[in-house]
Amino acid sequence: MADTLTVVDNRTGKQYELPIQNGTVRAMDLRQIKTAPDDFGLMTYDPALMGTANCRSAITFIDGDKGILLYRGYPIEQLAEESDFLETAYLILFGELPTATQQQTWVREITLHTMLHENIKKFMEGFQYDAHPMGIFLSTVGALSTFYPDAKQIFDKVSRLRQTHRLIAKVPSIAAYAFRHSIGRPYIYPDNELSFSGNFLNMLFKMTELKYHPNPVLARALDVLFILHADHEQNCSTTAMRNIGSSHVDPYSALAGAAAALYGPLHGGANEAVLRMLGEIGSVARVPEFIKRVKASDGDVRLMGFGHRVYKSYDPRAKVIKKIADLVFAVTGKNPLLEIALEIERIALQDEYFVSRKLYPNVDFYSGLIYQAMGFPVEMFPVLFAIPRTAGWIAQWEEMLLDPEQKIARPRQIYVGPAQRDYIARDKRA
Ligand code: CMC
């Protein structure tokens with residue numbers, strides 16, 4: 001059996017053999033299909049790139065039907081159980097789990113770069129008192145490029161590594177400063193004796209105590225949530241990172257754009273919508289009535305936190321999160337909305353409507369409940385997503401830069417506007 005696709009152009013009667021590789025045909029192979037020598041050639045039309053592989057990647061694998069998520073081949077469940085965020089970030093960035101020495105050096109480098117330039121602090125002070133922390137976050141990440149002009153050397157391996165250390169280390173500091181600014185509290189400097197997530201909690205929640213002691217259960221829960229969000233292959237923000245990076249801009253500017261894509265409610269904001277929905281339902285007793293409304297609405301009212309473009313079975317990240325929720329609630333007290341969420345899941349998983357459409361809880365169904373119980377306002381949710389995803393964004397950016405097949409992203413269009421026409425003087429226009 002030949003790995004080719006035979007295409008017959010019924011306009012000309014000509015036949016073409018297109019190679020099939022990795023289950024794909026190359027869109028550029030279609031360009032030879034023409035009706036005349038001056039014809040541009042056939043293109044594919046694929047809004048939202050739903051049927052187009054935009055790159056070859058060795059970072060993350062998803063099997064949506066089976067509910068499998070692997071980073072560099074390692075199942076997400078095992079990483080969530082055994083690893084920590086910095087080790088997982090190393091794996092995603094460099095392709096292998098670090099040896100003990102590599103891990104030590106990596107953690108030291110990240111720890112040494114957690115401080116922000118004092119002028120960054122001043123820059124952040126300029127935001128309105130009620131500025132959204134995600135707006136502060138993405139602007140500040142973009143501003144970092146002006147502090148590190150060496151970041152423009154994107155084809156210098158040493159420079160790329162330096163920016164990687166800086167970005168992974170500084171995003172929690174920026175996130176924490178953004179949070180403290182939005183609630184009018186003084187900024188807290190990093191404590192390098194603490195773990196990555198422990199220090200993040202310190203920068204967020206330290207008050208007048210001389211030394212902040214993060215709750216180990218909460219620090220671990222946050223670390224696991226960071227592992228679960230570290231990469232998710234070619235989603236909207238990662239595609240933005242690759243597209244912007246393909247112009248060869250520095251990684252801070254590209255990452256600011258990726259964070260902006262994540263800011264949108266269709267991407268990083270679904271867990272906020274889950275909390276709003278649970279609040280509206282209000283009690284376990286009202287769950288059946290709400291489910292009925294969803295079913296009757298013909299898609300207008302959705303069960304937020306359910307369904308996924310890729311996962312057509314239980315999102316493997318949601319399973320891990322559900323387990324963490326119990327550990328977190330044992331420390332913080334149960335989020336009163338949890339009972340409502342559990343009842344929704346119980347009913348939906350045995351309801352024909354949801355079963356037949358393969359609608360299962362996704363990563364966002366329980367994460368908002370945990371963040372809320374830990375004391376985060378909903379505005380911080382996308383910021384909490386951006387911190388770990390920084391590892392994925394950088395890994396995908398570097399993979400794109402080093403891929404000899406990649407060029408500046410420049411899709412085509414189908415022009416549907418007016419044909420050429422002559423300029424009309426202002427006094428002659430209707
Ligand atoms: N509640 C009720 N019905 C739903 C839902 C839902 N959450 N999601 C999909 N459906 C129905 C939809 O009405 C349609 O029904 P029908 O076949 O009768 O027209 C069918 O299921 C297929 O839906 P679709 O919109 O074609 O599916 P999609 O793959 O385009 O959408 C989705 C995926 C995530 C946008 C959608 O499931 C949704 O809106 N979910 C709620 C929002 C949400 O939780 N988003 C977070 C996604 S995970 C974040 C991440 O991984 O970054």
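Helices (H or I, at least four residues) and strands (E, at least two) are taken here as DSSP runs, numbered from the N terminus. The model is a predicted one, so local features need pLDDT of at least 70 and side-chain atom pairs count only at pLDDT 80 or more, while totals for chains, interfaces and linings use all residues. Residue numbers start from 1 along each chain as its sequence is written, and side-chain values use heavy atoms, with hydrogens and water left out.

Helix α2 is a good place to start. The helix covers residues 85-94, and 9 of its 10 residues are buried, so the rest of the structure largely encloses it. Buried here means under 20% relative accessible area, exposed means over 50%, and partly exposed is in between (1.4 Å probe, protein chains only). The buried set runs through Phe85, Leu86, Glu87, Thr88, Ala89, Tyr90, Leu91, Ile92 and Leu93. At the N-terminal end, Asp84 acts as the cap, with a side-chain oxygen 3.2 Å from the backbone nitrogen of Leu86. That counts under the polar-contact rule (a pair of N or O atoms within 3.5 Å; within protein, one must be able to donate a hydrogen and the other to accept it, and residues adjacent in sequence count only if both atoms are side-chain atoms). After α2 comes Gly95, with a positive phi near 95 degrees.

Now for the strands, which are said to pair if DSSP finds at least two bridges between them. β1 (residues 4-9) and β2 (residues 14-19) run antiparallel and share 6 bridges. One of the partnerships joins Val8 to Gln15 in β2. The two strands make a hairpin with 4 residues in between, and Gly13 in the turn has a positive phi of about 80 degrees. Elsewhere, 3 strands build an open antiparallel sheet in the order β3-β4-β5. Its edges are β3 (60-63) and β5 (74-75), each paired on one side only. Between β4 (residues 68-71) and β5 there are 2 bridges, again antiparallel, and Leu70 sits opposite Pro75 in β5.

The ligand has 18 residues around it, and the closest are Leu303, Gly305, Phe306, His308 and Asn362; a residue belongs to this group if one of its heavy atoms lies within 4 Å of the ligand. Sorted by type, the shell holds 7 nonpolar, 5 polar and 6 charged residues. For that sorting, Ala, Val, Leu, Ile, Met, Phe, Trp, Tyr, Cys and Pro count as nonpolar, Asp, Glu, Lys and Arg as charged, and the others, Gly among them, as polar. As for polar contacts, a ligand oxygen is 2.9 Å from an N or O atom in the Arg302 side chain. Another contact puts a ligand oxygen 2.8 Å from a polar backbone atom of Gly305, and a ligand nitrogen is 2.9 Å from a polar backbone atom of Phe306. On its own the ligand would expose 950 Å², and the protein buries 70% of that (Shrake-Rupley method, 1.4 Å probe; for residues, only the protein chains shown count as cover).

What about disulfides? With a disulfide taken as a pair of cysteine sulfur atoms within 2.5 Å, the count is 0. Cys55 is in none, and the nearest cysteine sulfur, in Cys236, is 14 Å away, which is too far for a bond. Cys55 is buried at 16% relative accessible area, whereas Cys236 is partly exposed at 48%.
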